[in-house]
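Trainee: Got a few minutes to go through this one with me? I'd like to start with the charged pairs and then look at the packing.

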Amino acid sequence: MKTAKTLAGTLLIALSGATYAQDYPNRPIRMVVPFAAGGVVDVTARLLAQKMTERLGWNVIVENKPGGNGFIAVTNVAQAPADGYTLLMAHTGEFSVNPALFKHVPYELERDFKPITLVSDTPLLLVANAATPYRTFDDVIKAAKARPDALAFSSPGAGSYNHLGGEWLALEAGVKLMHVPYKGGAPAMAAVAGGEVPLGVVAVPAVLPHVKTGRVHVIGLLTRKTMADHPEWKTAQGAGIPRVDASNWVGMFAPKGTPDAIVETLHREVAKTLAAADVIQRFADNGATVGGMPPAEFKQRIEFDLKNVRGVIERARIEP
């Protein structure tokens, strides 16, 4: 009898969720971003919100909650009603870096969230000041072997995924590089362009303006895949460093108890929105590819990146 009651209750919950989803959404959807306006996650969220509103007539509002390594925004969404009206737009740092870097993180992916889909993916690049002699990965590796811990690279900050990407490259290449942290991607890129540091590990959007001026040269991608829009950029794998695969994804999440039917609706409509030619081009202009993968596949990607980050932190002995 208890089993029958349990099954009946489960069925009732499932039916209630499906019925609720049929009327979804009937009020504004709040999309919370852990960063200030203007960054990669914010720009991605606003573009997606705009295109979904245009295509579906939904009212999607982007709300910025910066600070605390993303903890403020992420915990805000984790504690929100699980009704599909409060969503999180986060990136690699919140779910694949923070849990590996910090001993105490006030949220857990499995306990607090349902991944919906990966929205965009932006490769990391190794770049050099154009006045340096470095043009290839081999050039950098040879110089680093000749001067261990002397060849410097910039990143947007200690513990950032860019920092870890640089350390990952050094570990796999068997060299030691000196890390110089800056407060954000723009200052890190400006430091390379201005000659303060010879190298930088940065995302594509920050690089393109400086490449056009001729002040910066792209050494290559810290990913296994090439970029269709930039076939001239070589990969670390092509230089004999196959295990390095670092790119910054941006993805959408819902609080844990959100009905599966609503998660499925969100995934389906986000994927359709991302498939539009103008949306693909808008992301490509910023060096990103669009996502749209199913929730289970997105979760696997998060866990894969987390495993790699933990390995880098342990091997490089990085402290938060």
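**Charged pairs, cores and cavities**

Mentor: Let's begin with Glu 54, which counts as exposed because its relative accessibility is 52%. Keep in mind that we're looking at a predicted model.

Trainee: Which side chain does Glu 54 meet in a salt bridge?

Mentor: Look along helix 2, residues 40-56, where the two partners sit 3 residues apart, so about one helical turn separates them. The N to O distance is 3.6 Å, inside the 4 Å limit for a salt bridge. The partner is Lys 51.

Trainee: Is Lys 51 buried or exposed?

Mentor: The cut-off for buried is under 20% relative accessible area. Lys 51 comes out at 13%, so Lys 51 counts as buried.

Trainee: How many salt bridges does the structure hold?

Mentor: Side chains of opposite charge can pair when their charged atoms come close. Glu 63 and Lys 65 make one such pair, with their closest N and O atoms 3.4 Å apart. For the structure, the count is 17.

Trainee: Which residues are joined into one network by salt bridges that share partners?

Mentor: Let's take another pair before that one: Glu 110 and Lys 256 form a salt bridge at 3.9 Å. That pair links distant parts of the chain, with Glu 110 in helix 5 and Lys 256 in the loop between strand 9 and helix 10. As for the network, its members are Arg 30, Glu 63 and Lys 65.

Trainee: And how many residues apart are Glu 110 and Lys 256?

Mentor: Glu 110 is partly exposed at 47%, and Lys 256 is partly exposed too, at 34%. Along the chain, Glu 110 and Lys 256 are 146 residues apart.

Trainee: On to the packing. Which element gives the largest share of the largest nonpolar core?

Mentor: That core has 36 residues, and Leu 126, Tyr 134, Leu 151, Leu 199 and Leu 222 have the most contacts inside it. Elements giving two or more residues include helix 4, strand 4 and helix 12. The largest share is 6 residues, and it comes from helix 7.

Trainee: How many residues are in the other core, the one that lies apart from it?

Mentor: Its members include Ala 49, Val 119, Val 250 and Phe 283. The count for this other core is 29 residues.

Trainee: Which element gives the most to the lining of the largest cavity?

Mentor: Rolling a probe the size of a water molecule over the atoms shows where empty space is left. There are 2 cavities of 30 Å³ or more, and the largest holds about 40 Å³ of space. Its lining includes Phe 137, Val 140, Leu 169 and Leu 177, and the elements giving two or more residues to that lining are helix 6 and helix 7. With 4 residues, the one that gives the most is helix 6.

Trainee: Last one: which residue's backbone oxygen does the Thr 75 side chain reach?

Mentor: Thr 75 lies in helix 3, residues 71-78, and counts as buried because its relative accessibility is 16%. Leaving aside neighbours within four places in sequence, Thr 75 is in contact with Pro 106 and Tyr 107. At 3.2 Å, the side chain of Thr 75 reaches the backbone oxygen of Ile 72.

Technical notes: Residues are numbered from 1 along each chain as its sequence is written. This is a predicted model: local features need pLDDT of at least 70, side-chain atom pairs count only at pLDDT 80 or more; totals for chains, interfaces and linings use all residues. Side-chain values use heavy atoms; hydrogens and water are left out. Buried means under 20% relative accessible area, exposed over 50%, partly exposed in between (1.4 Å probe, protein chains only). A polar contact is a pair of N or O atoms within 3.5 Å; within protein, one must be able to donate a hydrogen and the other to accept it, and residues adjacent in sequence count only if both atoms are side-chain atoms. Contact means heavy atoms within 4.5 Å. A nonpolar core is a set of buried Ala, Val, Leu, Ile, Met, Phe, Trp, Tyr and Cys residues joined through side-chain atoms within 4.5 Å. On a 1 Å grid over the protein atoms alone, a cavity is a set of points where a 1.4 Å probe fits but cannot get out, and a pocket is an open set with protein on both sides within 12 Å along at least five of seven lines; lining residues have an atom within 4 Å of a point. Grid points are joined across faces, edges and corners, and a volume is the space filled by probe spheres set on the points.
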